[in-house]
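Here are a few exercises to work through with the model open in your viewer. Try each task before you read its solution.

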Amino acid sequence: MSELVAIAVQPRTGTGTRAAKKLRAQGLIPGVVYGHKEAVVNIAVSAKELDQAIRVKHARTLEIALDGKTETVLIRELQWDHLGKEMVHIDLFRVSKDEKVRVTVPVKLAGVPKTSGGAVLDQPMHSLHIECLATAIPDAIKVDISALTLDAPIHVSDLNLPIGVTVLEAADMTVVHLKVPGAEPEPVEAATDEPEVLTAKKPKDGEEE
């Protein structure tokens, strides 16, 4: 499970490309905090602290001190440079600790099938849309494939989910199976109910939600 990480932020007044470049030169990442029908606040956060929270602690939810009060926020979007190495902007969405959110998490396979019968491993679903508490977002949904056989694919309904986590995809959808080479792949349908947080329209700097 990802940690709830406390991180320092500071309000920022300048907006636009020139102001953003100036912040990044100072080791800060520009960002925005919005949601819960409260005012949008432009912020700056330490690039070093943010990198530690995301790469090391795998945080999806942060605790920040802003305008004299502590808020819990979900990392809704993190923008990177064209090389995918440096963070350039972060969007933070206000949530309550007891609030359920909808996010996308990766699927990670564990183990090796004991027998394949000449088939090859095929994973139609590499990520899942889930609903859970904002403070209990799993790093990934782990799937043990050691008992996987040719005639017994693993469906969404077979997943061993963390307590409080609900998968939004249909229960009969195939997550991973053994496939005979040359066989037609099983179509993968999108979730019928898209995650609210990930699809919400993000405000521009300085706008209110």
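**Exercise 1: the pocket lining**

In this predicted model, the lining of the largest pocket divides into 10 nonpolar, 1 polar and 6 charged residues. Work out how big that pocket is and what supplies its lining.

Solution. Start with the volume: it comes to about 360 Å³. Next, go through the lining, which is made up of 17 residues. Ile 54, His 58, Ala 59, Arg 60 and Ile 75 are the ones that lie nearest the centre of the pocket. Now check the strands: β5 (69-80) and β7 (100-110) each supply at least two lining residues. β5 gives the most, with 5 residues.

**Exercise 2: Arg 102**

Decide whether Arg 102 is buried or exposed, and find the side chain that shares a polar contact with it.

Solution. First locate Arg 102: you'll find it in strand β7. Its relative accessible area is 14%, and the cut-off for buried is under 20%, so Arg 102 counts as buried. Then look at its side chain, which makes a polar contact of 3.0 Å with the side chain of Glu 131.

**Exercise 3: the sheet around β7**

Lay out the open sheet that contains β7 and say which strands stand at its edges.

Solution. Write down the order of the 4 strands: β10-β7-β9-β12, with mixed pairing. β10 (141-144) and β12 (166-167) each have a single partner strand, so they stand at the edges, with one side of each left without a neighbour in the sheet. Then zoom in on β7 and β9 (residues 127-133): they run antiparallel and are joined by 7 bridges. Here Val 103 stands opposite Ile 130 of β9.

Notes. Residues numbered from 1 in each chain as written. Predicted model: local features only at pLDDT ≥ 70, side-chain atom pairs only at ≥ 80, totals over all residues. Heavy atoms only, no water. 1 Å grid on protein atoms, 1.4 Å probe; cavity = no way out; pocket = protein on both sides within 12 Å on 5 of 7 lines; lining within 4 Å. Points joined across faces, edges and corners; volume = space filled by probe spheres on them. Nonpolar A, V, L, I, M, F, W, Y, C, P; charged D, E, K, R; others polar. Buried < 20%, exposed > 50% of the residue type's maximum accessible area, 1.4 Å probe, protein only. Polar contact = N/O pair within 3.5 Å; in protein donor to acceptor, adjacent residues only side chain to side chain. Pairing = 2+ DSSP bridges.
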